[in-house]
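Open your viewer and have the selection panel ready. We will take the model one selection at a time.

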Amino acid sequence: MADEVILLSVWASMFGMRTRIALEEKKVKYDYREEDLWNKSSFLLEMNPVHKKIPVLIHNGKPVCESLIQVEYIDETWPGENPLLPSDPYQRAHAKFWADFIDKKVNVTARRIWAIKGEEKEASKELIEIFKTLESELGDKHYFGGETFGYVDIALIGFYSWFGVYNKFGNMSLESECPELTRWAKRCLQRESVSKVLPESEKVTKFIFQRLGLE
Amino acid sequence: MANKEKDVKLLGFWASPFSRRVEMALKLKGVSYEYLEQDIVDKSALLLELNPVFKKVPVLVHNGKILAESHLILEYIDQTWKSNPILPQDPYEKAMARFWAKFVDEQVGPVCFKSVVKAEKGIEIAIEEAQELITFLEKELTGKDFFGGKTIGFLDLVAGSMIPFCLARSWEGMEIDMIPEEKFPELNRWIRNLNDIEVVSECIPHREKQIEHMMKVVERIKLA
């Protein structure tokens, strides 16, 4: 029996991007379904009754919610040749710690730059600090996990497509403030899975402008 | 085997459900460890050195390797010491355990405690919203002795440190009957089942002391 894999997401979600990249990395065939967050499908609400959010990964009828949990599930279900997480317990915990850090810190801060009037300046400063912490963790490695693209890279890379938004609203250049991270992001974009999934920064910026009724 | 246990230290705080659950896991696996009680207000240089990112307990140190974040520590313990497995083998069951554990710490904890204390829309609505979340857990327990099935697992350690001891004692101190038997028969049965598990009951903070502590936290929240 062939696997049936469905992913409910929205194109601009950096969380949905994580799951898509993981599926692409593992070359899993999946049915991508774009959701309208202002008119959520009954299927989405049925598959994620607790949070009613995307992304939702449905594997042979069984839903898995929360993007990082989905990435780990994908890694464990389709081990293949390219593991996304290390097998050593300590290295694994280390990777999950940084992905968790990204989850706890990045979006909640970055969002304040464009979604809450008056917070751009402070939130921009905080975001730069968070990215600098991540740059120190990256060090001079190719990817967060070392030589191979993996879990932490997947956790973070989606945010790169939102740099245009953060730069515009925060009146800054994240590329100049965080050159190491920018170099890392461009390296990730050379991977087919990432270039296929990440939207153009301009497209995201235009979408946010339209959503906020600007331009 | 003995080499693995050579150097296990746990930095914790007696009233923290996050550090208590790590103790439960270590005891479940029969791992001996050195416990270092931390002052979470006046943080030690050691804590700040070992967890510079979040500056929080628990922190586990194993043969020089430093681990923070209780869920990650539990998974590390499970992968390092193989007796009495905490997480299921099946990837889907694992994903479910992780999902519900995240739900307990990120939703149930704050909504059933801080939001109830603040009661911004009034106490009745706060209790209703809290019970709505707890109902999800009630459903998860239906027909099971524990979240993990016949024996305690990952979610039992996470929810078992958070709900019956930390949250329940807060509700007791605030005189709120949050999980009455008629409304939450499964949860109440699970709490009774947990009480019979030695590694859990050994790691419960003293009742009155914890109520007193949680009431101090309540005051701090109200003043903030």
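## A tour of chains A and B

Start with residues 90-217 of chain B, where UniProt, in an unreviewed entry, places the feature "domain: GST C-terminal". UniProt positions are given here in the numbering used for this model, feature names are shortened, and annotations may be inferred rather than shown by experiment. This is a predicted model, in which local features need pLDDT of at least 70, side-chain atom pairs count only at pLDDT 80 or more, and totals for chains, interfaces and linings use all residues. Residues are numbered from 1 along each chain as its sequence is written, chains are lettered from A and ligands numbered from 1 in the order in which they are written, and side-chain values use heavy atoms, with hydrogens and water left out.

Keep that span selected: it is 72% helix and 0% strand, and its end C-alpha atoms lie 39 Å apart. Helices (H or I, at least four residues) and strands (E, at least two) are DSSP runs, numbered from the N terminus.

**Stop 1: where the chains meet**

Show both chains and select the residues in contact (heavy atoms within 4.5 Å). You should pick up 25 residues from chain A and 24 residues from chain B. The two chains bury about 2300 Å² between them, with 70% given by carbon and sulfur atoms. Buried area is the accessible area (1.4 Å probe) that two parts lose on being put together, summed over both. On the chain A side, colour A:Val50, A:Tyr90 and A:Phe97: these lose the most area to chain B, together 25% of what that side buries.

Next, look for salt bridges (a side-chain nitrogen of Lys or Arg within 4 Å of a carboxyl oxygen of Asp or Glu). There are seven between chain A and chain B. One to zoom in on joins B:Lys94 and A:Glu76, at 3.7 Å from N to O.

Which elements of chain A supply at least two residues each to the side that touches chain B? They are β4 (62-65), α3 (67-77) and α4 (89-115). The largest share, 12 residues, comes from α4(A). That side of chain A divides into 13 nonpolar, two polar and 10 charged residues. In this grouping Ala, Val, Leu, Ile, Met, Phe, Trp, Tyr, Cys and Pro count as nonpolar, Asp, Glu, Lys and Arg as charged, and the others, Gly among them, as polar.

**Stop 2: inside chain B**

Hide chain A and colour chain B as domain 1 (8-80) and domain 2 (91-223); these bounds come from an automatic or database domain assignment. The C-alpha centres of the two domains lie 21 Å apart. At their boundary, 16 residues of domain 1 are in contact with 21 residues of domain 2. The domains bury about 1700 Å² between them, 73% of it on carbon and sulfur atoms. Select B:Trp14, B:Met24 and B:His71, the domain 1 residues that lose the most area to domain 2, together 36% of what that side buries.

Two salt bridges are counted between these domains. In one salt bridge, the side chains of B:Arg21 and B:Asp105 meet at 2.7 Å, N to O.

**Stop 3: backbone details**

Finish in the loops. A:Ile54 and A:Pro55 are joined by a cis peptide bond, with omega about 0°; A:Pro55 sits in the loop between α2 (42-47) and β3 (56-59) of chain A. In chain B, select B:Val57 and B:Pro58, also joined by a cis peptide bond with omega about 0°. B:Pro58 lies in the loop between α2 (45-50) and β3 (59-62) of chain B.
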